[in-house]
Amino acid sequence: MESENIRWFVFCGDSILLQRPAADGDPHRLPVSAEPPTEIKPWTKFQELPLGADGTPQRAYSINTPADAEGSFVGLRESYQRLSRADYLMAGKAYELLYWDKGTQYCGVCGAPMERATVISKRCTHCGKEVWPQVSPAVIVRIRRTDSEGREQILLVHARNFRRTEMYGLVAGFVETGETLEECVQREVMEETHLRIKNIRYFASQPWPYPCGIMIGFTADYAGGELKVQEEELSRAAWFSRDCLPAIPDKLSIARRLIDDWIDKAV
Ligand SMILES: [Zn+2]
């Protein structure tokens, strides 16, 4: 039987192997071949992925050092700029599954080795405990107010963990056990800025595979309070109108979608 071509998602750390485009300006491609595109070890484990939109089987694995391969490794975040949206989303899923696999080699209850039960679940070989990939939900919120001159503004913050020092983004934080998403939005805003908000509305969500999150976006209106930043989390926060926005997150993020949506609503 002729062996079938497979689309490969090969990771080294948080970088993924991409092939150079055939022509300048074309999107980068993931390797497609019958055999893995790098040298593999006897212990290399393959993670099955859903079929691609074109019906091609897809598979992922990790290597420890960037091996000789045609193409180059680029950061998963950066791959957003180079891959089609479908390939970028699948790369995120692949990364999350490999991360999950690595962290669940042994049972958290009895310590025995885990074995695959299905493509996305494992079972303990001793006590039978089952595990699935965990997703960590986080909320992010765009807060709007009208200033004393009747201009609309949104609250932007600089979190200490932002990679770009000049950039401002939106208040965000992880959901805690036992709280609703709306309660989480209110709590994060109160903790980080001391502000009260109202009219909390769902906007959209986005898988955030860094390493295993989902960002759930909301909009809200300012309801009261003096802006006072929580120093451990934020270094600055301020209200901005559309005509004087600072540097904002790049197109990859739902933060940018929330901000762009507000910019587009200008009358
Ligand atoms: Zn066990």
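This is a short walk through one chain, starting with the overall picture and then moving to a few places inside it.

Okay, so before anything else: what you have in front of you is a predicted model. The chain has 267 residues, and 43% of them are buried. In terms of secondary structure, we've got four helices and 15 strands. If you draw a box around the C-alpha atoms along the principal axes, you get roughly 75 × 55 × 30 Å. The accessible surface is about 15200 Å², with carbon and sulfur atoms accounting for 49% of that. And take the contacts in the chain with a separation of 6 or more: 61% of them are between residues 24 or more positions apart.

Let's go to the strands. Have a look at β12, which covers residues 171-174. One face of β12 is covered, and that's Val171 and Gly173, while Ala172 and Phe174 are on the uncovered face. Who does β12 pair with? That would be β10, residues 136-146, in the antiparallel sense and over four bridges. One bridge to find on your screen is Val139 with Gly173 of β12, and Gly173 is on that covered face.

Now helix α4, residues 254-264. Which residues of α4 are buried? They are Ile254, Ala255, Arg256, Leu258, Ile259, Asp260 and Trp262, so yes, there's an arginine and an aspartate in that list. Those buried residues pack against β10, β11, β13, β14 and β15.

One residue that ties this region together for me is Gln153. Gln153 is in strand β11, and with a relative accessibility of 8% it counts as buried. Setting aside neighbours within four places in sequence, Gln153 is in contact with Trp262, one of the buried residues of α4. The other contacts of Gln153 on that basis are Ile143, Arg144, Arg145, Asp147, Trp239, Phe240 and Ser241.

Trp239 brings me to the aromatics. There are nine aromatic pairs in total. Tyr222 and Trp239 make one of them, edge-to-face, at 5.6 Å centre to centre and with 80° between the planes. This pair links distant parts of the chain, with Tyr222 in β14 and Trp239 in β15, 17 residues apart. The two partners fall into separate classes for exposure: Tyr222 is partly exposed at 26% relative accessibility, whereas Trp239 is buried at 15%. Elsewhere, Trp8, Phe46 and Tyr61 form one aromatic cluster.

There are also a couple of charges sitting over rings. Arg77 has its charged end over the ring of Tyr210, 4.5 Å from the centre. Then Lys122 lies over the face of Trp100, and there the distance to the ring centre is 5.2 Å.

Last stop, cysteines. How many disulfides does a search of the whole structure find? Zero. Take Cys12: why no bond there? Because the closest cysteine sulfur, the one in Cys212, is 20 Å away from the Cys12 sulfur, and that's too far. For a disulfide here, the two sulfur atoms would have to be within 2.5 Å. As for exposure, Cys12 counts as buried at 13% relative accessibility, and Cys124 is buried too, with a relative accessible area of 4%.

That's my tour, and I'm happy to go back to any of these spots on the screen.

Definitions and conventions
Residues are numbered from 1 along each chain as its sequence is written. This is a predicted model: local features need pLDDT of at least 70, side-chain atom pairs count only at pLDDT 80 or more; totals for chains, interfaces and linings use all residues. Side-chain values use heavy atoms; hydrogens and water are left out. Buried means under 20% relative accessible area, exposed over 50%, partly exposed in between (1.4 Å probe, protein chains only). Helices (H or I, at least four residues) and strands (E, at least two) are DSSP runs, numbered from the N terminus. Two strands pair if DSSP finds at least two bridges between them. Rings of Phe, Tyr and Trp (its six-membered ring) pair if their centres lie within 6.5 Å; planes under 30 degrees apart count as stacked, over 60 as edge-to-face and the rest as tilted. A charge sits over a ring if NZ of Lys or CZ of Arg is within 6 Å of the ring centre and within 35 degrees of the ring normal. Contact means heavy atoms within 4.5 Å. Accessible areas come from the Shrake-Rupley method with a 1.4 Å probe; for residues, only the protein chains shown count as cover.
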